[in-house]
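Me: I'd like to go through the labels people put on a model like this one. Can you show it to me, and then I'll ask where each label comes from?

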Amino acid sequence: MKADLSEYSVHDVVEGFTYNELEGKGLFGLSGHLTIQPEYQRNYIYADGKRDAAVINSLLNGYPLGIIYFNVTAPDTFEVLDGQQRITSIGRYVTGKFAIQYKNGMEQYFSGLSQELQDKILNYKLLVYKCSGDEDEIREWFKTINTAGIPLNDQELLNAVYSGPFVTSAKKVFSNSRNSNCMKWSAYIRGDVNRQAYLERALDWVSDGQISAYMSAHRQDHGIKELQTHFDTVIEWASTIFPTIEKEMRGLEWDRFYKEFHDTAYDTNHNDKEMHRLYADPYVTAKKGIFEYILGGEQRTELLQIRIFGEATKKTVYAQQTQQAKIKGTSNCPLCAFGSNANKTRMWKIGEMDADHVSAWSKGGVTSISNCQMLCKTHNRSKGNA
Ligand SMILES: [Zn+2]
């Protein structure tokens, strides 16, 4: 890994500046020697205008703009590693794409500035590190640089490290907010499509969590068939099994569910009814657990976090049980008292007992004092259902 510090004037960097209006991307500068937005860069996101204006005001006031990083791809040929948004703001301003308010509060386009101010912008020196090295080194480098602006996230870094035809094709599908499937996918995937959340999930699923190994192996592929097919299969399966969309579906581990349960036959009508019933059940406190609960055959009630008995209820029930046990001369745990065992007459302290639903929640039992009994911890655990 080599990094040489150089200075470039704004004048040189914006020479031949090309901007793709449709995609909102700065494409080229430095008379064609600089690729401003390589495939791995996130889409241009200064478009709120405020940060665009802040960049230009920094130039006009001579404020530092932070270091910019170029990757040397061939002699005299560069890609922007970090600083793409700043360069795009400058290029867009100089080519008349937006105006800023400067001093007197008037909107000023570049062409409307005095010659002196235009020169001030064009002669501004950008501080640039030109880096050359292998993937691992550049990746490490990226982790340590977070200059002005929004730091790259993990998937953006991986897109940088493994840039190539595979990432290009994958981004067309999974990082494209104009893709009409995004709306459907957003019911299942959490995060921002522009910040690579959907691409990250698709890669995570197809690779069983080995995203960088997968990207490395497929880096030179021109197609993304396996990636797309697996993702579509999982989403299609989920939308068939649960016909009603609920907001708690978003961000669940759909790929794990698919791998675990896709061989199981389900009655979709039953699933839908059961889902609605559980959503309406006030004792179910973890709505997001409903889906895995249903997929697993409605056994694992711990996924639903059934509302538990309050401390006051436990104390009342404990006192009643203990009082009656003393009269009878048996243990205050009704299961210990029953039959013959070493604890038949043992008096447990309240801290040694847990509250139990006499009639299980899953069989319609409610979480109220009339359905509460205190059991010693061993018996409560062995009863083992909510
Ligand atoms: Zn017991």
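Me: What makes the arrangement of the four donor atoms around the zinc ion tetrahedral?

Reply: First, this is a predicted model, where local features need pLDDT of at least 70, side-chain atom pairs count only at pLDDT 80 or more, and totals for chains, interfaces and linings use all residues. Residues are numbered from 1 along each chain as its sequence is written, and side-chain values use heavy atoms, with hydrogens and water left out. Now the zinc: four donors count as tetrahedral if all angles lie between 85 and 135 degrees. Here the angles are 100 to 114°, so the arrangement is tetrahedral.

Me: Which atoms coordinate the zinc ion, and how do you know that they are donors?

Reply: They're Cys333 (SG), Cys336 (SG), Cys376 (SG) and His379 (ND1), at 2.0 to 2.3 Å. Donors are N, O and S atoms within 2.8 Å of the metal (3.2 Å for Na, K and Ca), so these qualify. The donor residues are spaced C-x2-C-x39-C-x2-H in sequence. Distant parts of the chain get linked that way: cysteine 333 is in the loop between helix H15 (311-328) and helix H16 (334-337), and histidine 379, 46 residues apart from it, is in helix H17 (residues 377-383).

Me: Why is H2 called roughly perpendicular to H3?

Reply: The axes of H2 (residues 50-61) and H3 (residues 84-94) cross at roughly 80° and come within 9 Å. Angles of 65 to 115 degrees count as roughly perpendicular (under 35 is roughly parallel, over 145 roughly antiparallel, the rest oblique). That makes H2 roughly perpendicular to H3. Where they touch (heavy atoms within 4.5 Å), Asp52, Val55, Ile56 and Leu59 in H2 meet Arg86, Ser89, Ile90, Arg92 and Tyr93 in H3.

Me: What makes H11 roughly perpendicular to H12?

Reply: H11 (residues 225-241) and H12 (residues 254-261) pack at about 80°, with axes 10 Å apart. That angle makes H11 roughly perpendicular to H12. Among the contact residues are Trp237 of H11 and Phe257 of H12.

Me: How do you know that E2 and E3 pair?

Reply: Two strands pair if DSSP finds at least two bridges between them. Three bridges join E2 (residues 18-20) to E3 (residues 25-29), so they pair, and they run antiparallel. Tyrosine 19 stands opposite glycine 26 in E3.

Me: What about E3 and E4?

Reply: E3 and E4 (residues 34-35) pair over two bridges, in the antiparallel sense. Glycine 29 has leucine 34 in E4 as its bridge partner.

Technical notes. Axes are lines fitted to C-alpha atoms, for helices over the stretch in contact, and angles run from 0 to 180 degrees between N-to-C directions. Helices (H or I, at least four residues) and strands (E, at least two) are DSSP runs, numbered from the N terminus. Four donors count as tetrahedral if all angles lie between 85 and 135 degrees; four count as square planar and six as octahedral if opposite donors are over 155 degrees apart and all others between 65 and 115; anything else is irregular.
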